[in-house]
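Student: May I ask for a close look at a single part of this structure, set in its surroundings? Please begin with one residue and work outwards from there.

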Amino acid sequence: MIPRFSPHLDIADISEALFHRAGRVEEFEKSIAQQFGARVGVAFPYGRTAQWAFFKCMGIEGAEIVMPAYTCSVVAHAVSLSGNHPIFVDIDLSDYNMDLDQFERAITERTRSVIATHTFGYPENCDRIREIVETKSQKFGHKIWLMQDCCHCFGAKWKGDYVGNQGDVAVYAFNVSKHLTSIFGGMLTFPDEGTAAKVRKWRDENLAPATWTKALKRMLYLGAVTLAFDPRIYKATWFLSERTKFLNRFTKTFHLDSQIHFPGDYRIQMTDTEAAVGLKKLPQYDSIIRTRKENAEAWFDALSGQRDWQRAPLVEGATYSHYVVRVPDRDAVINDFAAKNIHLGNLIQYSIPDLPCYADLNQSCPNSKLASQSLINLPVTEPSERIRRWIAKYLKS
Ligand SMILES: *Cc1c(COP(=O)(O)O)cnc(C)c1O
């Protein structure tokens, strides 16, 4: 069966994690910063911890933080748990990014930070975002911190420069569903050393050092995920996750959509074990993104005949963390493809303002809701020849 996504893990990664040298976290910080054109990287246990820590460290509290309605729920949780209020902006259905006219209107005198997310790897218009943020900062007479959320778009570019460089800070996450994995983990990168040094100091004073028990748990998780995604047994993984609730026990530890919740170890620093895996994966970045682009192109062409399906665009500089289409009857399509041995995803299946924990804010966003109910994402991590063979067999015959 063709998997929904692949973390690109194998036995060599497990041995890397087992037999790593010390100091891998610092090396991972340097390598990520270098790879994506930033000055400094500061590692965190999760992407969400990195976002939460940034607001805490900057003394942003009781403020409004403007962010997209259609993104990973943990971003809103990071805003809430840092003592701030998320203000949700609806998306544009052409590329699933924030509607920038609504974004502009959402910034008030209470706004202290904004999160620009390049959803599914589609670069946002960074010139316009920077201009809006600068104008509003001047108007309200205080700094509005611009955070680039690069979790879907590690190396995406706007007009030839990395999107991560077009703000005060960028956030990356490395769980197994991202472009590159370090088992878990997150990072902030900075274009300047002053802010980075301040955040690093705050992190070391407020997070507990990594422990060997955490490293051991991460090792076991790495082993389990590598096995689950092994092509020889992936069909069983699909069955356990889609036809039973068995695997929920594992994933619910890290992610609860409907509650404002962080995992228990969110304040324990990233382990060298994790960084060792991230460092091993990093040289594969270019080939991982090339495959994603080839597959996005293959799906875009293959689905041109499906008249009532809305394909996501092909865009210069995009990295395709996912390649999505909106379909009228999502479950029927997912079941039909599963019968043809291909596992589709339905990411992101909620609009954050409609989640029970944010419903009181009454900020419903119709486009975000529509996307959450009708999107499917097609596999983009398999070698593109395999995807093209599947297309030739099932869509072209
Ligand atoms: C994955 C993700 C995060 C944070 O990820 P963690 O699971 O906390 O490491 C933040 N923003 C977006 C858009 C994401 O996809």
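Tutor: Let us begin with Met147, which is buried, its relative accessible area being 0%. Here "buried" means under 20% relative accessible area, "exposed" over 50% and "partly exposed" in between, with a 1.4 Å probe and protein chains only. The model is predicted, so local features need a pLDDT of at least 70 and side-chain atom pairs count only at pLDDT 80 or more, while totals for chains, interfaces and linings use all residues. Residues are numbered from 1 along each chain as its sequence is written, and side-chain values use heavy atoms, with hydrogens and water left out.

Met147 belongs to strand β5, which covers residues 145-149. Strands (E, at least two residues) and helices (H or I, at least four residues) are DSSP runs, numbered from the N terminus. From Met147 to Gly83 the C-alpha atoms are 17 Å apart, and 64 residues separate the two along the chain.

The ligand is the part to examine closely. A residue is near a molecule if one of its heavy atoms lies within 4 Å of it. The ligand is surrounded by 16 residues, the closest being Gly47, Arg48, Asp149, His152 and Lys178. Three contacts involve oxygen atoms of the ligand, as follows. A polar backbone atom of Gly47 is 2.8 Å from a ligand oxygen. A polar atom in the side chain of Arg48 is 2.7 Å from a ligand oxygen. In the side chain of Asn175, an N or O atom is 3.2 Å from an oxygen atom of the ligand. Of the 390 Å² of accessible area that the ligand has on its own, the protein covers 98%. Such areas come from the Shrake-Rupley method with a 1.4 Å probe; for residues, only the protein chains shown count as cover. A polar contact is a pair of N or O atoms within 3.5 Å; within protein, one must be able to donate a hydrogen and the other to accept it, and residues adjacent in sequence count only if both atoms are side-chain atoms.

Which helices contribute to this shell? Both α3 (47-57) and α4 (73-81) supply at least two residues each, and α3 gives the most, with three residues. By residue type, the shell consists of six nonpolar, seven polar and three charged residues. In this count, Ala, Val, Leu, Ile, Met, Phe, Trp, Tyr, Cys and Pro are nonpolar, Asp, Glu, Lys and Arg are charged, and the others, Gly among them, are polar.

Asp149, one of the closest residues to the ligand, also gives a link to the loop between β8 and β9, where Gly185 lies. The C-alpha atoms of Gly185 and Asp149 are 14 Å apart, although the residues are separated by 36 positions in sequence. Gly185 is buried, because its relative accessible area is 3%. That loop, between β8 (169-173) and β9 (186-190), also holds Ile183. Ile183 is not a glycine, yet its phi is positive, at about 70 degrees. Ile183 counts as buried because its relative accessibility is 1%.

A comparable backbone feature appears elsewhere in the chain. Tyr320, which is not a glycine either, has a positive phi near 55 degrees. Its place is the loop between β10 (310-311) and β11 (323-326), and Tyr320 is buried because its relative accessible area is 4%. The peptide bond from Leu347 to Ile348 is cis, with omega near -10 degrees, and Ile348 sits in the loop between α13 (330-339) and α14 (366-374).

Two further residues complete the view. Arg292 is in helix α12 and counts as buried because its relative accessibility is 3%. Its C-alpha atom is 11 Å from that of Leu378, which is 86 residues away in sequence. Phe140, by contrast, counts as partly exposed because its relative accessibility is 22%. Phe140 is in helix α6, which spans residues 126-140, and its C-alpha atom is 34 Å from that of Ile32, with the two positions 108 residues apart along the chain.
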